[in-house]
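This briefing is for a reader new to the structure. Please keep the sequence and the model in view while going through the points below.

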Amino acid sequence: MYSITETAILRGIDSVLVSIEANISEGLPVFEMVGFLGTEVKEAKERVRIALANSGYALPVRRITVNFYPANLKKSGTGFDLPVALALCGAMGIVDKNRLEEGLVAGEISLSGKILAVEGILSIVDMARQKGKKYCIIPKGNEEEAMLVSGIKVYPVSTLRETIDLLKRRDFYEIKIVKTKMQNEIQSYPDFSDIAGHEQAKRICEVAASGMHNLLMIGPPGVGKTMLAVRIPGILPPLNEIEKMELSKIYSVSGLLNPGSGLISERPFRRPHHSISKGGLIGGGTALKPGEISLAHAGVLFLDEFSEFDKSVLSELREPMEDKRIRISRLSGNCEYPADFMLVAAMSACRCGYYPDMNKCTCTSSQIGSYLSSVSQMLLERIDLGIEIMQQPMGIFCSREPTETSEQIRARVMQVHEIQKQRYKKECFSYNGQIPSSRIENFCPLTEELRTYMEEMFVKLKLSTRRYYKIMRVARTLADMDGSERILIEHLSEALCYRSIEKSFWERNEYDL
Ligand SMILES: [Zn+2]
C-alpha cells in the first residue's frame, strides 16, 4: 500500500514543499527512511513507530519504506514527524489517502503521541495557501500563528490520535474552526515630544528617517543619544501588509513571534550588545536562525557604544548593507534572510567619554586618537549623517514650549517617502540614502552656479569623492523635505554641516589638549 503527504522545510523565511511517500509491502520486516535526511529526521523513525503504537496503531511487521523528495534538499528539523506518521497511516489504510494528499501537514510528535509546536509555521501555512492546498494540519501550539494566514483552512491538533480521528471524519471539510481572538499588540514608541531641546538632533533624526540615511551620533554618556535613537522607528511610515508578513515570518522562524499578538505591525528597534558574535549579528549558527540585522528588517539597528564592537564582527555588515539581505551558506544549502535596516550608531569620542570637553576629559591626545581609530572605517563610509550631541542647558528643561509630536514629524517623513517612491519606481533602490555613486549625477543634478560652489567646497574642505557623494544624497533628501525638485544652495550648505563631525573627529592629526 502506498500513500503520500506533503509538508514543508524552511529556506530562509520562505518554505519549500517536501513530499513524503510511504510504502508498505510484503518482504522482510524492515523500516527504512531515505531522501537526504538530517539526524533529527532520521530519528523520526523511532519516534513515529512508538507514537503510533501508543496511539493504538502499531506498524505492521512488513517492509516499510519512507521516501522524502526533492532528494537534493537536505531535510532537517523535527516538523517531519507528523507527516511521516500520517503517510504511514495512509499506507496502512487507516485514513483516506486522497484526503491526505489535498493538505499540508507539519508537527513534531512525542513518544506518547502528543503533537509539539514547530518554528516557522507562518511561512509554512502561507506557502500551503500559495500552492493551493485545501487545508493545513498544524500543532495546537502554533494555532495563533497559523491563523494569521487567511484563505486556507487550518486544523490545530494536540495528539496523533486526535489527528487520525479528525482525518477519518466524513464532515472533515465542514468542521468549523473557531479562530482565537487576537489582540493587536500596540508597541508604541516613546514620543519626540518628550524631549526638551535637542532641536538640531531632532532635525537630523527626521532627515535620516526621510531619506533612510544611516546616522552616527557622538557625545558624552547621558546626553540623550539612546533617547533619540529609540524614537526613530516611531517617525518612519507605518508598515504595509507585505512588510508586516515578511517581518512576522522572520520573527516566526526565529521563534520570537508572540503568540496571540497578530502580525508584527510596528517597525522593529534592535539594540544588540557590543559583545555580540558574528552569528548573533548576521545570522546562522547550527540551528540556522536570522540575526539581529534581519530582526531589525524594515526598522532600526541601533549600535550603541559603536567603538566597542569587534571590528571583524562589524565587517560582516558590508554585504547586507549593500544588498539589503544576507546570504548564509551551509552544508545543507544556502539560505537568505531580508536585512533592510537603517543603521543608527552612537558612541562617545574618547574612552572617558567627555572629549572634546577639555574641562572633563582625562584622556591623552594619543589615547583619543587610538580610540577613534578603532571605529570601523568600513561602516563610517556607509554612514551619510553624523551629529555631535551636546548636553542641553538646564533652562531648556524648564521651558514650557510645546514640542512637536512624533506623529507630526511622521506625517512629513511619509510625504518625503512618497516623493522617493515615485522617483525611484524603476530603480533597484528606493531611498535617497541608497543612491549608488554612479547615479548621483542623474538624481542630484546641480545648476552651473551650484556646481562651482561645490567645486570650491571640495577644495576648501578637502572633501573626498566618497564624502561628496554622501553630501549629495543628504542634499537630495533636504530638497525633498522642502518639496523642491531642484537641490538649492541651502540644501547643500545644511548637508555640508552634517558631515563636519567626521572632520572634527577623524580627520585631524592633533587633538587639542
Ligand atoms: Zn576623554
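A polar atom of the lysine 75 side chain lies 2.9 Å from the backbone oxygen of proline 70. The same side chain reaches the backbone oxygen of glycine 35 at 2.6 Å. These distances come from a predicted model, and the points below start with lysine 75 before turning to other parts of the chain.

**Lysine 75**

- Lysine 75 sits in a loop, with strand E4 (63-69) on one side and helix H2 (81-91) on the other.
- This lysine is buried, yet it has no salt bridge.
- Glutamate 21 is the nearest side chain of opposite charge, and it is 10 Å away. A salt bridge requires the nitrogen and the carboxyl oxygen to be within 4 Å.
- Leaving out residues up to four places away in sequence, lysine 75 touches Gly35, Phe36, Leu37 and Gly38, as well as Phe68, Tyr69 and Pro70.
- Its contacts also include Ile9, Val18, Val41 and Phe80.
- Glycine 35 and proline 70 thus appear among the residues that lysine 75 touches, and each offers a backbone oxygen to the lysine side chain, glycine 35 at 2.6 Å and proline 70 at 2.9 Å.

**Two other basic residues**

- Lysine 202 belongs to helix H7 (residues 199-211).
- Lysine 202 counts as buried because its relative accessibility is 8%, and the cut-off for buried is under 20%.
- Apart from residues up to four places away in sequence, lysine 202 is in contact with Phe192, Ile195, Gly197, Leu228 and Thr403.
- Arginine 330 is part of strand E15 (residues 325-330).
- With a relative accessible area of 33%, arginine 330 is partly exposed.
- Arginine 330 touches Gly284, Gly285 and Leu288, again not counting residues up to four places away in sequence.
- Arginine 330 and glutamate 494 are 164 residues apart along the chain, and their C-alpha atoms are separated by 46 Å.

**Helix H4**

- Helix H4 (residues 121-130) is largely enclosed by the rest of the structure, because eight of its ten residues are buried.
- The buried residues of H4 are Ile121, Leu122, Ser123, Ile124, Val125, Asp126, Met127 and Ala128.
- Glycine 132 follows H4 and has a positive phi, near 75°.

**Salt bridges**

- The count of salt bridges comes to 37.
- One of them joins lysine 244 and glutamate 241, at 3.3 Å from N to O.
- Lysine 244 and glutamate 241 are three residues apart in helix H9, so about one helical turn separates them.
- An α-helix has 3.6 residues a turn, so residues three or four places apart point the same way.
- The two partners differ in accessibility: lysine 244 counts as buried at 17%, whereas glutamate 241 counts as exposed at 53%.
- Another salt bridge pairs arginine 473 with aspartate 384, whose closest N and O atoms are 3.6 Å apart.
- That pair links distant parts of the chain, 89 residues apart: arginine 473 is in helix H20, while aspartate 384 is in the loop between helix H15 (377-381) and strand E18 (385-388).
- Arginine 473 is buried, with a relative accessible area of 12%, and aspartate 384 also counts as buried, at 4% relative accessibility.
- Lysine 421 and glutamate 418 form a salt bridge in which the closest N and O atoms are 3.8 Å apart.
- Lysine 421 and glutamate 418 are three residues apart in helix H17, so they too are separated by about one helical turn.
- Lysine 421 is exposed, with a relative accessible area of 55%, while glutamate 418 counts as partly exposed at 38% relative accessibility.
- Elsewhere, salt bridges with shared partners join Glu319, Asp323, Arg325, Arg327 and Glu336 into one network.

**The largest pocket**

- The largest pocket holds about 1,300 Å³ of space.
- Its lining is made up of 43 residues, and those nearest its centre are Lys324, Asp340, Ser430, Tyr431 and Gln434.
- Which element gives the most to this lining? Helix H17 does, with five residues.
- At least two lining residues each come from helix H9 (241-253), helix H13 (318-323), strand E17 (342-347), helix H17 (406-423) and helix H20 (465-481).
- Some of these elements also appear under salt bridges: H9 holds lysine 244 and glutamate 241, H17 holds lysine 421 and glutamate 418, and H20 holds arginine 473.

Note on methods. Residues numbered from 1 in each chain as written. Predicted model: local features only at pLDDT ≥ 70, side-chain atom pairs only at ≥ 80, totals over all residues. Heavy atoms only, no water. Helix = DSSP H or I, 4+ residues; strand = E, 2+ residues; numbered from the N terminus. Buried < 20%, exposed > 50% of the residue type's maximum accessible area, 1.4 Å probe, protein only. Lys, Arg positive; Asp, Glu negative; His and termini not counted. Polar contact = N/O pair within 3.5 Å; in protein donor to acceptor, adjacent residues only side chain to side chain. Contact = heavy atoms within 4.5 Å. 1 Å grid on protein atoms, 1.4 Å probe; cavity = no way out; pocket = protein on both sides within 12 Å on 5 of 7 lines; lining within 4 Å. Points joined across faces, edges and corners; volume = space filled by probe spheres on them.
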